[in-house]
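Trainee: Could you take a close look at one part of this chain with me? I'd like to start with the charges and then zoom in on one helix and what packs against it.

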Amino acid sequence: VGSEMCIRDRAYTDEHGRAVYNQRLSERRARAIGDYLIAHGVPAAKVSVKGLGPTHAFADDSQDRRAEVVVVRP
């Protein structure tokens, strides 16, 4: 990751289950990915993680259980 770039990690869950549980699950999912990136050399200051809880973006629940990792350039 270049000096001006950063990595944005956003994680989601499907809509099944309790909203509070799903929010925490998405946060753990995002944190796990961020920890992996940092452990493999990405500076912690360049990694932004956020759990966004349940979503219904796709017709298939397995696709709603996802994380999106994006390299952001200024």
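How many Å apart are the mean positions of the positive and negative charges of the chain?

Mentor: They're 6 Å apart, counting 12 positive and 10 negative charges. Keep in mind this is a predicted model. For the close look, let's go to helix H1, which covers residues 19-39. Arg 24 sits in that helix, and it belongs to a positive surface patch together with Arg 18, Arg 28 and Arg 31. Now look at Asn 22, also in H1. Its relative accessible area is just 2%, so it counts as buried, the cut-off being under 20%. Setting aside residues up to four places away in sequence, Asn 22 touches Thr 13, Asp 14, Glu 15, His 16 and Gly 17, plus Gly 53 and Pro 54.

Two of those names come back when you turn to Asp 64, in helix H2 (residues 61-64): Thr 13 and Asp 14 are among the contacts of Asp 64 and also among those of Asn 22. Beyond its neighbours within four places, Asp 64 also meets Tyr 12, Thr 55, His 56, Ala 57 and Phe 58. Asp 64 is buried too, with a relative accessible area of 0%.

As for the setting, the chain runs β-α-β-α-β along the sequence, and 27% of its 74 residues are buried. Of the contacts between residues at least 6 apart in sequence, 75% join residues at least 24 apart.

How values were computed: Residues are numbered from 1 along each chain as its sequence is written. This is a predicted model: local features need pLDDT of at least 70, side-chain atom pairs count only at pLDDT 80 or more; totals for chains, interfaces and linings use all residues. Side-chain values use heavy atoms; hydrogens and water are left out. Patches are made of residues with over 30% relative accessible area and no salt bridge: like charges are joined within 9 Å, nonpolar side chains (Val, Leu, Ile, Met, Phe, Trp, Tyr) within 5 Å. Accessible areas come from the Shrake-Rupley method with a 1.4 Å probe; for residues, only the protein chains shown count as cover. A salt bridge is a side-chain nitrogen of Lys or Arg within 4 Å of a carboxyl oxygen of Asp or Glu. Lys and Arg count as positive and Asp and Glu as negative; His and the chain ends are not counted. The place of a charge is taken as NZ of Lys, CZ of Arg, CG of Asp or CD of Glu. Helices (H or I, at least four residues) and strands (E, at least two) are DSSP runs, numbered from the N terminus. Buried means under 20% relative accessible area, exposed over 50%, partly exposed in between (1.4 Å probe, protein chains only). Contact means heavy atoms within 4.5 Å.
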